[in-house]
Amino acid sequence: MVDHASPTALPIGRGLRGRCPACGEGRLFQGFLSLRPACEHCGLDFGFADAGDGPAVFVILIGGAIVVFAALITEVVYQPPYWLHAALWLPLVLLVTLSPLRLIKGLLIALQYHHKAAEGRLVRRGDV
Ligand SMILES: [Zn+2]
């Protein structure tokens, strides 16, 4: 498949599909969230990839806002019993947190590769 997208759209598409950020062919994940050691197609070492807490933070902020907003609107409009709140919002919490987690992790790793983002290092005067 040939991508004719913009330079930034290319890593975004590869990340969202869970593909290697370099070639777009090899798979990035070997489990739900665990990464392969290297790309099976081009051999890129995925040791650089460290999304950290980024995917979880995005999921918590976006998913939490969706669920809280929906629960507040439901309470104000319908005032259902608490057991119905639990029956509605617990499955929704699982849905809005688990389903986008892999997509966001792939996206952040692809953008990390694209922008050559890495951990900060101290540089001595003589090294520059
Ligand atoms: Zn690759």
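Lys116 is exposed, with a relative accessible area of 72%, and sits in the segment after helix 3. In this predicted model, Lys116 also has a positive phi of about 55° although it is not a glycine. That is worth a second look, as most residues other than glycine have a negative phi. Gln79 is another case, with a positive phi near 45°. Gln79 belongs to the loop between helix 2 and helix 3, and its relative accessible area of 57% makes it exposed.

**The zinc site**

Now to the metal. Four cysteines supply the protein donors of the zinc ion: Cys20, Cys23, Cys39 and Cys42, each through its SG atom, at 2.2 to 2.3 Å. Along the sequence, these donor residues follow the spacing C-x2-C-x15-C-x2-C. What is the arrangement of the four donor atoms around the zinc ion? It is tetrahedral, because the donor atoms subtend angles of 107 to 115°, and four donors count as tetrahedral if all angles lie between 85 and 135 degrees. For reference, the ideal angle for four tetrahedral donors is 109.5 degrees.

One of the donors, Cys20, is buried, with a relative accessible area of 0%. Among the residues in contact with Cys20 is Arg14. Arg14 lies in helix 1, which covers residues 9-16, and it counts as buried at 13% relative accessibility. Leaving aside residues up to four places away in sequence, Arg14 touches Arg19, Cys20, Pro21, Ala22, Cys23 and Gly24. Two of the zinc donors, Cys20 and Cys23, are thus on the contact list of Arg14.

**Charged pairs**

Side chains of opposite charge can pair when their charged atoms come close. How many salt bridges does the count come to? The count is two, and here they are:

| Salt bridge | N to O distance |
|---|---|
| Glu40 and Arg27 | 3.2 Å |
| Arg36 and Glu40 | 3.6 Å |

Because these salt bridges share partners, Arg27, Arg36 and Glu40 are joined into one network. Glu40 takes part in both the pair with Arg27 and the pair with Arg36. Glu40 and Arg27 form a salt bridge that links distant parts of the chain: both residues are in the loop between helix 1 and helix 2, 13 residues apart.

Are the members of this network buried or exposed, or do they fall in between? Glu40 is partly exposed, with a relative accessible area of 45%, and Arg27 is partly exposed too, at 40%. Arg36, by contrast, counts as buried at 18% relative accessibility, because the cut-off for buried is under 20%.

**Helix 2 and helix 3**

Which residues make the nonpolar surface patch of about 470 Å²? They are Val57, Phe58, Leu61, Ile62 and Ile66. Phe58 is found in helix 2, which runs over residues 54-78, and Phe58 is partly exposed, with a relative accessible area of 42%.

In helix 3, which spans residues 82-114, His85 makes a useful reference point. His85 is buried, with a relative accessible area of 11%. Not counting residues up to four places away in sequence, His85 touches Ala71, Glu75, Pro80 and Leu90. If you would like a distance to check in the viewer, the C-alpha atoms of His85 and Leu103 are separated by 28 Å, the two residues being 18 places apart along the chain.

Methods:
Residues are numbered from 1 along each chain as its sequence is written. This is a predicted model: local features need pLDDT of at least 70, side-chain atom pairs count only at pLDDT 80 or more; totals for chains, interfaces and linings use all residues. Side-chain values use heavy atoms; hydrogens and water are left out. Donors are N, O and S atoms within 2.8 Å of the metal (3.2 Å for Na, K and Ca); water is not among the atoms, so sites may look incomplete. Four donors count as tetrahedral if all angles lie between 85 and 135 degrees; four count as square planar and six as octahedral if opposite donors are over 155 degrees apart and all others between 65 and 115; anything else is irregular. Buried means under 20% relative accessible area, exposed over 50%, partly exposed in between (1.4 Å probe, protein chains only). Patches are made of residues with over 30% relative accessible area and no salt bridge: like charges are joined within 9 Å, nonpolar side chains (Val, Leu, Ile, Met, Phe, Trp, Tyr) within 5 Å. Accessible areas come from the Shrake-Rupley method with a 1.4 Å probe; for residues, only the protein chains shown count as cover. A salt bridge is a side-chain nitrogen of Lys or Arg within 4 Å of a carboxyl oxygen of Asp or Glu. Helices (H or I, at least four residues) and strands (E, at least two) are DSSP runs, numbered from the N terminus. Contact means heavy atoms within 4.5 Å.
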